[in-house]
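Biologist: Please take one strand of this protein and look at it closely, with its pairing, its aromatic contacts and its cysteine. I would like one connected account, with the cut-offs stated.

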Amino acid sequence: MSNASETPHRRLEPGRIVIASHNPGKLREIEDLMAPYGFKVVSAGALDLPEPEETGTTFEANAELKAVAAATASGLPALADDSGFCVAALDGQPGVYSARWGGPEKDFAMAMRTVEEKLQAAGATTDAQRRGSFVAVLCLAWPDGESVFFRGEIEGQIVWPPRGDGGFGYDPMFQPDGHSRTFAEMSPEEKHGRSLDGPALSHRARAFQTFSKACLESA
């Protein structure tokens, strides 16, 4: 196992790669980000791979569980994401349990209501008290057991009521710093940012930018 601060990085050659996720929103985003690099992307669901139980207590641990399981089962390199919404006034919750706050049906409208109810109960009513961040960790795993991690974060304001119909998850209640719209009010291009040399915007795009520079681009 290694992390993104270590060098040199093992280059990932174009070919088939498994996206170790059963989340349609994450799949769309990662497929979109991978598109320029000439990979044939296949999802864990398309390969009928089971979704491993996320028993880790960190984003890194859960990302590795998914990536290693997919790489081992498929014999292909696998890229997994674990991400979450971290609310400062709630001591970082829901964090790694962000999806679970949506219940078995992954109802994020309910999850967002739960966040707002807890903020109100905590007396978090001012802008300064309603701060949050999105965190994403990508884990790239090879079938031979090597894995590497890339982390991205973005901070912003928690808004209520939710705004926008795009994105997924908690996007409608998160307004990134420096912007007047929520993630759900942005196009995918705006949310991610397209320049590899300029700053990416979303947490997943920031993690992916680090990953792409380390493992996809020519030296």
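Modeller: What follows is a close look at strand β5 and the residues around it.

The model is predicted, so local features are taken only at pLDDT of at least 70 and side-chain atom pairs only at pLDDT 80 or more, while totals for chains, interfaces and linings use all residues. Residues are numbered from 1 along each chain as its sequence is written, and side-chain values use heavy atoms, with hydrogens and water left out.

Strand β5 covers residues 131–141, where strands (E, at least two residues) and helices (H or I, at least four) are DSSP runs numbered from the N terminus. Of its 11 residues 10 are buried, so the strand is largely enclosed by the rest of the structure; buried here means under 20% relative accessible area, exposed over 50% and partly exposed in between, with a 1.4 Å probe and protein chains only.

Two strands pair if DSSP finds at least two bridges between them. Strand β4 (residues 78–87) pairs with β5 in the antiparallel sense over 10 bridges, and within this pairing D82 has V137 of β5 as its bridge partner. Strand β6 (residues 147–158) also runs antiparallel to β5, joined to it by 11 bridges, among them the one between A141 and S147. The hairpin of β5 and β6 has 5 residues between the strands, and G145 takes a positive phi near 105° there.

Rings of Phe, Tyr and Trp (its six-membered ring) pair if their centres lie within 6.5 Å, and planes under 30 degrees apart count as stacked, over 60 as edge-to-face and the rest as tilted. By this rule there are 10 aromatic pairs. One of them is the edge-to-face pair of F134 and F174, at 4.8 Å centre to centre with 65° between the planes. This pair links distant parts of the chain, since F134 lies in β5 and F174 in strand β7 (residues 174–176), 40 residues apart. F134 is buried at a relative accessible area of 5%, and F174 is buried at 0%. Both rings belong to one aromatic cluster, formed by F85, F108, F134, Y170, F174 and F183.

As for the cysteine, the structure holds 0 disulfides, a disulfide being a pair of cysteine sulfur atoms within 2.5 Å. The sulfur of C139 is 11 Å from the closest cysteine sulfur, that of C215, which is too far for a bond. C139 is buried with a relative accessible area of 0%, and C215 is buried with 1%.
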